[in-house]
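Me: Please show me the sequence and the structure, and then let us go through them in questions and answers.

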Amino acid sequence: MIMTDPGLDTAAETGLPTSAGMYDYFLGGINNSAADRLAAERLIQKMPEVRDAAWANRGFLGRAVRWLAADRGIRQFIDIGAGFPAQRSTHDVAHAVDPGIKVVYSDVDARVVARGREILGGLPGTAVVQADLREPEVLLGHPLTRELINFSEPVGLLVLAVAQFIPDRDDPWSLIRRYVAALAPGSYLALSHGTADRQDERKAGHAAEIYASSSSPATGRTRPEIERFFDGMEIVPPHPGASPAATYIGLWGCEDPSAADTDGSRWGYAAVARKP
């Protein structure tokens with residue numbers, strides 16, 4: 001599954017591109033509209049490394065889920081704003097470690113939810129819930145969530161490339177804290193977020209302009225702003241020898257930092273943190 005944004009329900013009617021459809025296009029998927037493809041190609045022309053950024057984020061998902069399942073014993077995941085089906089989704093990675101791991105996907109768009117349920121085909125231990133990131137209680141209290149997730153045991157909470165579509169006025173930091181507050185000690189938050197830190201201002205401006213014309217504009221944030229999502233939690237070192245801090249998305253869990261530090265990777269920060 002891939003990221004989505006709060007505007008998808010109306011995007012089909014207005015013809016606006018969506019961040020989820022554009023992201024799907026960058027990954028070579030088929031769940032995108034003509035408007036998505038046009039906007040994505042405009043961005044590729046201005047910022048060719050955007051495809052690399054999408055794949056770097058996808059790689060972070062796989063490495064984080066595998067690490068949480070294999071090294072930290074997490075046996076249940078909630079993937080917020082999961083979006084359209086894509087290669088190596090959370091349940092694919094988790095079930096390679098243990099087929100009994102439970103996974104709940106959420107998305108705000110009914111079309112995405114329907115497609116996700118179609119792809120999963122009733123796969124045991126998985127569910128797709130329609131819920132807006134800005135309404136934590138809807139997802140956390142949903143019957144399907146309650147059926148699969150045992151909130152007295154640790155959970156892996158995934159919020160990948162989604163919080164950037166929540167503007168400051170909606171206080172995304174407090175929203176994420178509400179999700180984390182519902183989880184048992186020993187749970188983990190894996191979060192990635194777009195940034196323009198140390199980037200070419202013209203490219204950042206082009207990206208902001210293109211997303212501003214989509215169904216849900218994006219807000220790039222600085223590393224300190226992104227690390228605020230982990231307040232009160234214990235950020236784990238992203239790779240051997242690194243300090244416990246947010247890092248570029250391609251570097252988290254990498255074996256060779258020099259090879260993983262690509263141009264696309266630097267368009268986002270990521271971190272994984274433990275709830276004490």
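Reply: Helices (H or I, at least four residues) and strands (E, at least two residues) are DSSP runs, numbered from the N terminus. The model is predicted, and local features need pLDDT of at least 70, side-chain atom pairs count only at pLDDT 80 or more, and totals for chains, interfaces and linings use all residues. Residues are numbered from 1 along each chain as its sequence is written, and side-chain values use heavy atoms, with hydrogens and water left out.

Me: Which residue with a positive phi follows helix 2?
Reply: Helix 2 spans residues 19-26, and eight of its eight residues are buried (under 20% relative accessible area with a 1.4 Å probe and protein chains only; over 50% is exposed, and partly exposed lies in between). Among these buried residues are Ser 19, Met 22, Asp 24 and Phe 26. The residue with a positive phi, near 80°, that follows the helix is Gly 28.

Me: In which sense do strand 1 and strand 2 pair?
Reply: Two strands count as paired if DSSP finds at least two bridges between them, and strand 1 (residues 76-79) is joined to strand 2 over four bridges. Among the bridge partners, Asp 79 is matched with Tyr 105 in strand 2. The sense of this pairing is parallel.

Me: Of which hand is the β-α-β unit made by strand 1, helix 5 and strand 2?
Reply: The helix of this unit, helix 5, covers residues 90-97, and its buried residues include His 91, Val 93 and His 95. Those buried residues pack (contact means heavy atoms within 4.5 Å) against helix 4, strand 1, strand 2, helix 6, strand 3 and strand 4. A crossover is right-handed if, with the strands pointing away from the viewer, the path from the first strand over the helix to the second runs clockwise, and the unit of strand 1, helix 5 and strand 2 is right-handed.

Me: Which residue in strand 3 does Val 104 stand opposite?
Reply: Strand 2 (residues 102-107) has five of its six residues buried, and five bridges join this strand to strand 3 (residues 126-130), with the two running parallel. Helix 6 (residues 110-120) completes a right-handed β-α-β unit with these two strands. The residue in strand 3 that stands opposite Val 104 is Ala 127.

Me: Are the faces of strand 5 covered or uncovered?
Reply: In a regular strand the side chains alternate between the two faces of the sheet. In strand 5, Tyr 188, Ala 190, Ser 192 and Gly 194 are buried on one side, while Leu 189, Leu 191 and His 193 are buried on the other. Both faces are therefore covered.

Me: How many bridges join strand 5 to strand 8?
Reply: On the side of strand 4, strand 5 is held in a parallel pairing by five bridges, and the chain passes from strand 4 through helix 9 (residues 172-181) to strand 5 in a right-handed β-α-β crossover. Strand 8 (residues 268-274) runs antiparallel to strand 5, and Ser 192 stands opposite Ala 270 in strand 8. The number of bridges between strand 5 and strand 8 is seven.

Me: What is the volume of the largest pocket?
Reply: On a 1 Å grid over the protein atoms alone, a pocket is an open set of points where a 1.4 Å probe fits, with protein on both sides within 12 Å along at least five of seven lines, and lining residues have an atom within 4 Å of a point. Of the 26 lining residues here, the closest to the centre of the largest pocket are Gln 164, Gly 194, Thr 195, Tyr 211 and Trp 267, while helix 2, helix 4, strand 5 and helix 10 each supply at least two residues of the lining. Grid points are joined across faces, edges and corners, and a volume is the space filled by probe spheres set on the points; for the largest pocket it is about 490 Å³.

Me: Why does Leu 140 count as buried?
Reply: Leu 140 is found in helix 7 (residues 136-140), and the residues it touches, not counting those up to four places away in sequence, include Ile 78, Arg 146, Phe 151 and Tyr 179. The C-alpha atoms of Leu 140 and Phe 151, eleven residues apart in sequence, are 9.4 Å apart in space. Leu 140 counts as buried because its relative accessible area is 8%.

Me: Is Glu 201 buried or exposed?
Reply: Glu 201 has its place in helix 10, and its C-alpha atom is separated by 41 Å from that of His 95, which is 106 residues away along the chain. With a relative accessible area of 73%, Glu 201 is exposed.
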